[in-house]
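Reader: I would like to learn how to read a structure feature by feature, beginning with a single residue and moving on to strands and helices. Could you take me through it slowly?

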Amino acid sequence: MLAILSVLLLYLFNPVFGVWYQNVYCSISESCECDFKPHIRDLEWDLYKNVYGQHLAQDIVSEEVAKFLQNKSPERPLVLSFHGSSGTGKTMVSSMLGNHLYSSAMSSPYVHQFVPTLHFPLPDRVKEYREELKSWVQGNLTECARSVFFFDEMEKMPPGLIDVLEPFLGPSHVVFRTNYRKAIYVFIGTSGEEVINRVALENRQAGQEREDIQLDHLQEAIAQAVYNSTTSGFFQSSVIQQKLITSFVPFLPLSRRHVERCVRSQLCQRGSCGRTDVVEAVGGDMLYTPAQGQYFSTTGCKAVPAKINLFL
């Protein structure tokens, strides 16, 4: 007993021994806490260096994730909902989040991705899908409290399905043997893009700076838009009614300047940083909206790789 007590005291008061003990433990354990190694500074750097034209998303994601992880006993999970047009960076930011939370990045067994067309393709089987989803989430939370769940293409999610998650997203539900409140949920979709794009257009037409757009201009409007849209997985959802989303994250439409930054970044990855001719050619070949003004790319940066192949 005295020997055990001595080891425990050594562990508590000797940081070096503590690190050694953790390394030994993780070498023989499959605990998700061993794989969970969040690098918040790296996440912030990645967001501000490699995501273009999205000051709101950069600020919200970095601040909410940092605040959530600093709390050792959160009252509820972190629930983020990404909204915006195709090609504006939603998937990229999601990947960054997974990459900087786990040492094995997005390939971690504790990072889970759901795509409606793959996992829930048949609308007439929603009842069955609800039971499966509830079981999957609860099983994974039991395995790892730090689980991260990504739900992509929410505009294709069968209405009513996502409501089965309501007990897991609030403060009162209990999952056996785990603190489910440590989990992170990210919903990703284009629903609400009309509201976001309208605000961005009004801002541009008024001659204001893009960075003047504030979250309070959009938060409630996005919530109402996705709740009332029949093409939204949140249509008439109790998740919205119960205000279980920590933050709605708007992704603004991208201008030609942002598209050309995407082109430059892609070219540098291919070892062709100096090809300004390709940057200008791709930027000029994209389609922009509205007809009067041509402020924003209709496909964001999504078509950039294919366009580069065309002009390189």
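Reader: Where is Ser 255 found?

Author: A residue is first placed by the elements on either side of it, and in this predicted model Ser 255 lies in the loop that leads from β5 (247-251) to α13 (256-269).

Reader: Does Ser 255 count as buried or exposed?

Author: The cut-off for buried is under 20% relative accessible area, and because Ser 255 has a relative accessibility of 10%, it counts as buried. If its neighbours within four places in sequence are left aside, Ser 255 is in contact with Tyr 288, Tyr 295 and Phe 296.

Reader: How many residues of strand β1 are buried?

Author: For a strand, one applies that cut-off residue by residue and then looks at each face. In β1 (residues 78-84), seven of the seven residues are buried, so the strand is largely enclosed by the rest of the structure. One side carries Leu 78, Leu 80, Phe 82 and Gly 84, the other carries Val 79, Ser 81 and His 83, and both faces are covered.

Reader: Which strands pair with β1, and in what sense?

Author: Pairing is read from the bridges between strands. β1 is joined by six bridges to β4 (residues 184-189), with the two strands running parallel, and it also pairs with β5 in the parallel sense, over five bridges. Towards β4, Leu 80 stands opposite Val 186 and His 83 has Gly 189 as its bridge partner, whereas Gly 84 is partnered by Phe 251 in β5.

Reader: What can be said of β4 itself, and which residue of strand β3 stands opposite Val 186?

Author: Six of the six residues of β4 are buried, so β4 is likewise largely enclosed by the rest of the structure; Ile 184, Val 186 and Ile 188 lie on one side, with Tyr 185, Phe 187 and Gly 189 on the other. Four bridges join β4 to β3 (residues 148-151), again in a parallel arrangement, and Phe 150 is the residue opposite Val 186.

Reader: At what angle do helices α14 and α15 cross?

Author: For a helix pair, one compares the directions of the two axes. The axes of α14 (residues 276-285) and α15 (residues 304-311) come within 10 Å and cross at roughly 125°, which makes α14 oblique to α15. The crossing is right-handed. From α14 the contact draws on Val 278, Ala 281, Val 282 and Asp 285, and from α15 on Lys 307, Ile 308, Leu 310 and Phe 311; these residues divide into six nonpolar, two charged and no polar.

How values were computed. Residues numbered from 1 in each chain as written. Predicted model: local features only at pLDDT ≥ 70, side-chain atom pairs only at ≥ 80, totals over all residues. Heavy atoms only, no water. Buried < 20%, exposed > 50% of the residue type's maximum accessible area, 1.4 Å probe, protein only. Contact = heavy atoms within 4.5 Å. Axes fitted to C-alpha atoms, helices over the stretch in contact; angles between N-to-C directions. Parallel < 35°, antiparallel > 145°, perpendicular 65-115°, else oblique. Left-handed = near helix turned anticlockwise from the far one by under 90°. Nonpolar A, V, L, I, M, F, W, Y, C, P; charged D, E, K, R; others polar. Pairing = 2+ DSSP bridges.
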